[in-house]
Amino acid sequence: MQNGMKICVIPGDGIGREIIAQALRVLDKVTEKFGTRFEIEEALMGGAAIDATGVPLPEETVKLALASDAVLLGAVGGPKWDTIDPAIRPERGLLGIRKALGLFANLRPASLFPELKQACYLRPDIVAKGIDLLVVRELTGGAYFGTPKGVEVRDGERVGFNNMIYAEHEIRRIAKVGFEAARKRRKKLCSVDKANVLDVSRLWREIVLEVAGDYPDVELSHMYVDNAAMQLVRDPSQFDVIVTENLFGDILSDEASVITGSIGMLPSASLGEKNPGLFEPIHGSAPDIAGQDKANPLATILSVAMLLRYSSDSMGAQADCIEQAVQKTLAQGFRTGDIREDGSRLVGCKAMGDAVLANM
Ligand code: NAD
């Protein structure tokens, strides 16, 4: 869509609809402030789709997503669908849409708002240096998908094996995402591998170095994964963007996000070669608080900021505006239950949305 963006919105289940409602109000505010036009179309996925159509990812949803510039997702799943046939569980919808959109890169920022530093698990002197990093994880290759794999009997005992395998083109395209993301941030990229032991990592490092030639403005470093896991807790302030393969990224992105303390604050993006990407909070559908106006909408609102930044080259100002409004809201003391502290102003999902809008 010219001079705007077509967004496929999937509220999903549990708190999905509540948090997405606040995200849509933020998009309306962006239109009011910047004149950016958004065409929003809603689609079904997860438990809501199973109830309405019998499958977690209807064909129509895939069609609509593919015809959009970006997809914004709330969350899917819940106890209601826990006992149904595993082949049509709500989470299957997620895997299906990632595949249909060819999403091979997962971007998870871990940033600690200074206002929430009490929630951080690290020592105050480490926190004081700030945490604002992005983990770019390869999503479709490596040990999770490599073949041959399996369990078989060898010499009278069972042996299990997987295969960490990467083709050059897979490394090149994820390295590019890492460099491009660094360009939109502080221009520092750390490639994490295990090149001292693994052949696949040696190829990884070679290709990353080749791609670096196209990004002379980005400062590249390399780190072994065991050291990276340590450095993330010793001094996370040294990182801007980390790019790494699937298994290492699975572990490092969880480590990076948990140190910031709150699951209700963290957005994510999954990207392919081209639009549409998929943008969603990292948390689930929180059935325990669904329908009670208790959910923290900030991870979803920050996912909207990522959506604008990574689906377009010209919406950085809109993304900045949203992120600054979230920071200001926290500075004013507004807190949902999950990030509540002494002396803060406890609000519900909608009132948190109100406060962000007022600060935009
Ligand atoms: P969860 O993230 O939904 O909830 C874990 C805890 O964090 C709960 O106590 C919940 O109340 C709290 N929480 C999560 N998001 C919050 C928010 N925005 N504000 C305030 N508190 C929040 O994880 P779970 O309980 O393991 O899973 C619940 C359901 O969500 C399951 O069906 C699971 O499969 C699904 N799930 C979906 C996704 C996704 O859609 N991407 C991701 C993870 C889990």
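A residue counts as near the ligand if one of its heavy atoms lies within 4 Å of it, and in this predicted model 19 residues surround the ligand, with V76, E91, G284, A286 and N296 the closest. The residues of this shell divide into nine nonpolar, six polar and four charged.

Some of the contacts with the ligand can be followed atom by atom. An oxygen atom of the ligand lies 2.7 Å from a backbone N or O atom of G284, and a backbone N or O atom of S285 is 3.1 Å from an oxygen atom of the ligand. The side chain of D288 takes part through an N or O atom that is 2.9 Å from a ligand oxygen atom. The ligand on its own has 810 Å² of accessible area, of which the protein covers 69%.

We can turn next to the interior of the protein. The largest nonpolar core has 65 residues, among which L107 and L308 touch the most other members, and helix α10 (residues 298–311) gives the largest share of this core, nine residues. Because domain 1 (1–111 + 264–360) and domain 2 (121–259) both contribute residues, this core lies between them.

The backbone also deserves a careful look. Most residues other than glycine have a negative phi, and most peptide bonds are trans. Yet a cis peptide bond joins T147 and P148, with P148 in the loop between β5 (132–138) and β6 (150–154), and another cis peptide bond joins N275 and P276, with P276 in the loop between β11 (267–271) and β12 (277–281). A286, one of the residues closest to the ligand, has a positive phi near 40° and lies in the loop between β12 and α10.

How values were computed
Residues numbered from 1 in each chain as written. Predicted model: local features only at pLDDT ≥ 70, side-chain atom pairs only at ≥ 80, totals over all residues. Heavy atoms only, no water. Polar contact = N/O pair within 3.5 Å; in protein donor to acceptor, adjacent residues only side chain to side chain. Areas by Shrake-Rupley, 256 points an atom, 1.4 Å probe, with all protein chains shown as cover. Nonpolar A, V, L, I, M, F, W, Y, C, P; charged D, E, K, R; others polar. Core = buried A, V, L, I, M, F, W, Y, C linked by side-chain atoms within 4.5 Å. Buried < 20%, exposed > 50% of the residue type's maximum accessible area, 1.4 Å probe, protein only. Helix = DSSP H or I, 4+ residues; strand = E, 2+ residues; numbered from the N terminus. Domains from an automatic or database assignment.
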